[in-house]
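Trainee: I would like to go through this structure one question at a time. Please put it up where we can both look.

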Amino acid sequence: MPRPVKWRKVGYIPRDSRFVPEGKPESDIEEIVLKVEELEAMRLKDIENLNQEQCAAMMNISRQTFQLIIDDARRKVARALVEGKAVRIGGGKYTVNICRYNCSKCGGTFD
C-alpha cells in the first residue's frame, strides 16, 4: 500500500485562477492545470528567491518532494507558453494552515 500524500503548506492562494493566450477564442484552447502547491513552489523559489531547503521547509515537505513539484510546475508552464495553451490553477493536496500540537504528557511536538 503506498504512503498517503502529505499535505503541502502554501502561503499564497491566487485571486486569478485562469490565464489564456491573447487573441485565441477560449473555446478552442487546450488547458493545462497547475496545482496550487506547484504555483507555491515556483513563487517561493523564483520570486522569493529562497533556496530549495528553505522552500521545502516552508511547504512542510522533503527537499526531494519539493524538487519533483517544482520540476512538474516549470514543465507545465513552459508547455503552456510554447504551445499556446491556457493555464488553470487549482486542485492539489495543500493546506494554508499546519498547526503544531505540543503533548503535555510526552512532551512531543506533532503536526
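Trainee: In which sense do β2 and β4 run, parallel or antiparallel?

Mentor: Keep in mind that this is a predicted model. In it, 2 bridges join β2 to β4. One of the facing pairs is Phe-19 with Val-87 in β4. The sense in which β2 and β4 run is antiparallel.

Trainee: In which sense do β3 and β4 pair?

Mentor: Strand β4 covers residues 86-89, and 4 bridges link β3 with β4. Glu-31 stands opposite Ala-86 in β4, and Leu-34 stands opposite Ile-89 in β4. The sense of the pairing between β3 and β4 is parallel.

Trainee: Which strands stand at the edges of the sheet?

Mentor: The sheet is open and has 3 strands with mixed pairing, in the order β2-β4-β3. An edge strand here has a single partner strand, so one side of it is left without a neighbour in the sheet. The strands in that position are β2 (18-19) and β3 (31-34).

Trainee: What angle does the direction of α1 make with that of β3?

Mentor: Helix α1, residues 36-47, packs on the sheet and touches β3 and β4. Helix α3, residues 63-83, also touches β3 and β4, and its direction makes about 155° with that of β3. For α1 the angle with the direction of β3 is about 70°.

Trainee: How is α2 oriented to α3, roughly parallel or roughly perpendicular?

Mentor: Two packed helices are described by the angle between their axes and the distance between the axes. Helix α2, residues 52-59, packs with α3 at about 95°, and the axes are 9 Å apart. Angles of 65 to 115 degrees carry one label, so α2 is, with respect to α3, roughly perpendicular.

Trainee: Which residues of α3 make the contact with α2?

Mentor: On the α2 side the contact is made by Gln-52, Glu-53, Cys-55, Ala-56 and Met-59. The residues of this contact divide into 4 nonpolar, 2 polar and 2 charged. From α3 come Arg-63, Phe-66 and Gln-67.

Trainee: Which element gives the largest share of the lining of the largest pocket?

Mentor: The largest pocket has a volume of about 320 Å³ and is lined by 16 residues. The elements that give two or more residues to this lining are α1, α3 and β4. The largest share is 5 residues, and it comes from α1.

Trainee: How many residues of that lining are nonpolar?

Mentor: Phe-19, Leu-34, Met-42, Val-77 and Val-87 lie nearest the centre of the largest pocket. The lining also has 1 polar and 3 charged residues. The number of nonpolar residues is 12.

Conventions
Residues are numbered from 1 along each chain as its sequence is written. This is a predicted model: local features need pLDDT of at least 70, side-chain atom pairs count only at pLDDT 80 or more; totals for chains, interfaces and linings use all residues. Side-chain values use heavy atoms; hydrogens and water are left out. Two strands pair if DSSP finds at least two bridges between them. Helices (H or I, at least four residues) and strands (E, at least two) are DSSP runs, numbered from the N terminus. Contact means heavy atoms within 4.5 Å. Axes are lines fitted to C-alpha atoms, for helices over the stretch in contact, and angles run from 0 to 180 degrees between N-to-C directions. On a 1 Å grid over the protein atoms alone, a cavity is a set of points where a 1.4 Å probe fits but cannot get out, and a pocket is an open set with protein on both sides within 12 Å along at least five of seven lines; lining residues have an atom within 4 Å of a point. Grid points are joined across faces, edges and corners, and a volume is the space filled by probe spheres set on the points. Ala, Val, Leu, Ile, Met, Phe, Trp, Tyr, Cys and Pro count as nonpolar, Asp, Glu, Lys and Arg as charged, and the others, Gly among them, as polar. Angles under 35 degrees count as roughly parallel, over 145 as roughly antiparallel, 65 to 115 as roughly perpendicular and the rest as oblique.
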